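Hello,

Here is the structure I promised to pass on. Could you have a look at it alongside the notes below?

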Amino acid sequence: MDRRELLKMVALATGGIVIGGEFFLAGCKNENAGIGGATFSNNDIAFLDEVAETIIPKTTTAGAKEAEVGKFMTVMVNDCYDEADQKTFHEGIKKLDEACNKMHGHGFMKADAAHRKELLTSLDKEAKEYVKTKKKEDPNHYFQMMKQLTLIGYFTSKPGIEQNFNYQAVPGKFDGAVPYKKGDKLFV
Amino acid sequence: MANNNTYDAIVVGSGISGGWAAMELCKKGLKTIVLERGRQVEHIKDYPTTNLAPWELLHRNRNTNKIKDDQHIQVRGFCNEANSHFFVNDKEHPYVQKKPYDWIRGYHVGGRSLMWGRQCYRWSDLDFEANAKDGHGVDWPIRYKDIAPWYSYVERFAGISGSKEGLPQLPDGDFLPPMEMNALEQHVSESIKQKFSDGRRMIIGRVANLTKGWNGRGPCQYRNLCDRGCPFSGYFSSNSATLPVAASTGNLTLRPHSIGMEIIYDKEKRMAKGVRIIDELSNEVIEYYAKIIFLNASTLGSTGILLNSKSDVFPNGMGNSSDQLGRNLMDHHYHVGAGGRYDGLKDKVTFGRRPNGIYVARFRNIDEKTKRSDYLRGFGYQGGASRGMNWNSDEMGSELKEQMTEPGDWSFWLGSWGEQLPHLDNRVLLSKTEKDKWGLPQLEIDCEWKENEIAMRKDMMNSAAEMLEAGGIKDIYTFNDEKAYPGLCIHEMGTARMGNDPKTSVLNKWNQLHEVKNVFNTDGACMTSSACQNPSVTYMALTARAADYAVSELKKGNL
């Protein structure tokens, strides 16, 4: 699928714009580009891998962990997010763990798959509600970021694309009306 | 020194029109030097990202903060991780914005012909007569009949795919087989034909992608990665098409890193003597001499060189006794239209990444019946339908994954491209205070949308929604982004307009400076009005026509 299509899809699936996106305001220089700033530990990456795996788990096809989505998230936050979003994301790792404590009485890494899913379902709802009423100057929601980066990271990864879709680097032709039935792999 | 640096012809710039000038002049036997301000980009060899899969781009084609900072203007256009090396670094190439203006540029061999949108539409007499009829700007010195054979000539070489439709306002060309519309586009196109009595038509885009092998190039492989450069030569660029033919004649010298400073004037002969350049890397100033000079440095680049070519005879820039040089800067206004989703065709998907969409030819102000009272001129549409993944999900985990890997609804997007009227005060000047790192004056751009464009946008938006509705599209949304400033469409035109009268125009009907007959300009600067069609194929045709004229004048001893 093309890039615009993916970003549109990700934006809609997470209830808003794609965070860290391009700047459309003419004459407005990007002065808050977050070059440098806090870095991520290996523990952070392992934690984010588990969050991503809960959003997109291994089934008959690879999950987000196998697609190295945790590491991808840290690269994107470091290289593409502005400073405010970087801060929100870093704090979000702690906030997610605290939310797990509150819901299940222990941290996220100790939670089983069912508890993790229950937590993230509730955070997803919380983030979508937040986005609906958020003012422009309010910070973004950390879980919206994590879900967006998971979907972008997974659905642009090698296993994410090759195992779920009919991907061909060189299609060689265009057909605008291919018969489709449920279970067919979608061409991307 | 003079002998070594003397050629029959000089072409300044190697983009879409410079490539054509070089090829035509070389084919006609002229020893030609092309002076390109940026680096060499060799076809295929210098397309580093062309074969990368989505996962091989570290940021999956998102712009990094470094790109957003270094290329803070370019990222508002089409610059992304995979093609950012073809867009300028805004910090190295500053200009002054009196009003917000997005100047999107590629400084390298091939220029923006590598990243262009490739849409090719002929203009008609509706466009060439527009200024004369409503009094905005000056009359074009040519009509459709003057350029029609040259459209055919360039189409036959470049390879433009498209369908013949018999629309007088969008003349048919010498096309390669058209690409096909997808299932929803066919449905919407048919509905529009049935439901509107004003003759509006949705057709497949006419695009410089090769639907069959052509002149040793292509065919297009439907990867839709054109802006990275194509290893299959599947679309037209200077690098894939015109420059290789120019080189094959043995008459071409290509000099990268050569920033055009000024054209040197010979007061005795009342002709240009040559071009003075500064080497981008060494800062060495060098002169090249020739009998014919083609200025193809892009609209603003060419006009900047002319403005900087000052002499006793031309204190305000070469060929500028009319004071028209730099004025009437135009672009197309866009980022306005509508979209929505479709409930049907659940049993159909698409295969291949078609690097093209649909086109809706202009249908306003084309005759008495379609005349509007609220604005002059008109607009067209580009866009298309697609069916991608299923995004609309509140699920989590395996349910989310399963839903997202299934196809979602079909969606349709229609964006409009509108004509901008020429205005004397939409202009470019040389800054009196700001210089670039080579000591050349920066350009100062002062341009804005005016009443006619703003009035037109309402109709552009509403008509898009109306056509989608007629096609059965649901949940229609509309958009009209007034922050899409001039320049962003990358169709900048005007500033050295053609015209019959030297008192009110810069170039004559052969694209010669009225006042300096051996200087030709055939890029966007020469345009007298902007029409609403993508302009590149018109630059190609005007270039081939002017080159033919220049060589015949040279042979007659007139140049």
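A definition to start with: two strands pair if DSSP finds at least two bridges between them. Helices (H or I, at least four residues) and strands (E, at least two) are DSSP runs, numbered from the N terminus. This is a predicted model, in which local features need pLDDT of at least 70 and side-chain atom pairs count only at pLDDT 80 or more, while totals for chains, interfaces and linings use all residues. Residues are numbered from 1 along each chain as its sequence is written, and chains are lettered from A in the order in which they are written.

Now the place where the chains meet. Strand S1 (residues 175-179) of chain A runs antiparallel to S11(B), joined to S11(B) by three bridges, and A:Val178 sits opposite B:Val349. The contact (C-beta atoms, placed from the backbone, within 7 Å) takes 52 residues from chain A and 52 residues from chain B. On the chain B side, the elements giving two or more residues include strand S11 (348-351) and strand S13 (379-389).

Next, the interior. The largest nonpolar core (buried Ala, Val, Leu, Ile, Met, Phe, Trp, Tyr and Cys residues joined through C-beta atoms within 7 Å) has 153 residues. Buried means that 20 or more other C-beta atoms, placed from the backbone, lie within 10 Å of a residue's own. B:Ile10, B:Ala22 and B:Ile293 have the most contacts inside this core, and helix H11 (residues 536-555) of chain B gives the most to it, with ten residues. Apart from it lies another core, of 41 residues, including A:Leu96 and A:Phe155.

Best wishes

Conventions
Two residues are in contact if their C-beta atoms, placed from the backbone, lie within 7 Å. A residue is buried if 20 or more other C-beta atoms lie within 10 Å of its own, exposed if 12 or fewer, and partly exposed in between; C-beta atoms are placed from the backbone.
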